[in-house]
Amino acid sequence: MSLTEQPPDNGSEASEASEAPDAAQAALRDRVSADSLTTRRDYLRIVATVSGGLAVGGIGVASGILHRHGDTDGAPEPKRIADSIPPGESVAFRYPDEEDRAVAVRLDDGTLAGYSAVCTHLACAVLWRKDRGSEGELYCPCHEGVFDARTGEVTAGPPPRPLPKVLLVEGADGSVWAVGTTRSGESVQEGLCRQLGDSRPDLAGRLGCPGAGAGSPLGSTLERSRRT
């Protein structure tokens, strides 16, 4: 070694070697932080999208933009929904169209009641709970909405309107038929008169509809129900 040459600085090499893992760790931490931020942003975006969808859906149903049960203009065709319904039991069905979920229940005193099975809050499914209350209840598990089984009126929770009704009649053989619908808050007679319009004046006359006479499928079904 010449006098002008300097001995290698082992300390510098060690320092550079020790700095390399630190730099790698720092880069890794930055990447993890960025990934975590992206994940959080994605999560918040998903939550916002879902929440916004629910809100828009609720507003759409409330304002009448989206389809609501009972909105059909013409009288729906009668539909056999069950061979029989024992007291305290229920039957889920679709009426008047395949997208219209509905439920029929028979109360302990024999009364038949039919309703849309779509909650008037945010369109969640409505279920029958026969072990609740004195007559059972219709229950929406999404936000704890409760409806009276005899009337469809709201008894608890956030639903803003009663359930639309489905008119049920019972044949001589015990079969149960759905023969009409109503909008929320509309009486059975009002719903049927609106749907019948001028297409079935004979039946509309029997129901006492303004400006309204037998022979239609619905009239025949109602006539059989009166004879039982």
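Here is a short chat about how a few labels in this structure are earned.

Reader: What kind of model is this, and how are residues numbered?

Author: It's a predicted model, where local features need pLDDT of at least 70, side-chain atom pairs count only at pLDDT 80 or more, and totals for chains, interfaces and linings use all residues. Residues are numbered from 1 along each chain as its sequence is written, and side-chain values use heavy atoms, with hydrogens and water left out.

Reader: What makes cysteine 124 and cysteine 142 a disulfide?

Author: A disulfide is a pair of cysteine sulfur atoms within 2.5 Å. For cysteine 124 and cysteine 142 the S to S distance is 2.2 Å, so the pair fits that definition. The structure holds two disulfides; the other joins cysteine 193 to cysteine 209, with the sulfur atoms 1.8 Å apart.

Reader: Why are cysteine 119 and cysteine 140 not called a disulfide?

Author: Their sulfurs are 3.7 Å apart, and that's too far for a bond. Cysteine 119 is in no disulfide.

Reader: Is cysteine 140 buried or exposed, and how do you know?

Author: Buried means under 20% relative accessible area, exposed over 50%, and partly exposed in between (1.4 Å probe, protein chains only). Cysteine 140 has 2% relative accessibility, so it counts as buried. Cysteine 119, at 3%, is buried too.

Reader: What about cysteine 124 and cysteine 142: which is buried and which is partly exposed?

Author: Cysteine 124 has a relative accessible area of 16%, so it is buried. Cysteine 142 comes out at 40%, so it is partly exposed.

Reader: Why is valine 118 called partly exposed?

Author: Its relative accessibility is 22%, so it counts as partly exposed.

Reader: How do you know which residues valine 118 touches?

Author: Contact means heavy atoms within 4.5 Å. Not counting residues up to four places away in sequence, valine 118 touches Arg101, Ala123, Cys124, Val126 and Leu163. Leu163 is 45 residues away along the chain, yet the C-alpha atoms of the two are separated by 7.7 Å.

Reader: What makes a group of residues a nonpolar core?

Author: It's a set of buried Ala, Val, Leu, Ile, Met, Phe, Trp, Tyr and Cys residues joined through side-chain atoms within 4.5 Å. The largest one here has 15 residues, and Val126 and Leu163 are among those with the most contacts inside it. A second, separate core has 12 residues, including Ile81 and Val91.

Reader: Why say that arginine 129 lies over the face of tyrosine 139?

Author: A charge sits over a ring if NZ of Lys or CZ of Arg is within 6 Å of the ring centre and within 35 degrees of the ring normal. Arginine 129 is listed as over the face, at 3.6 Å from the ring centre.
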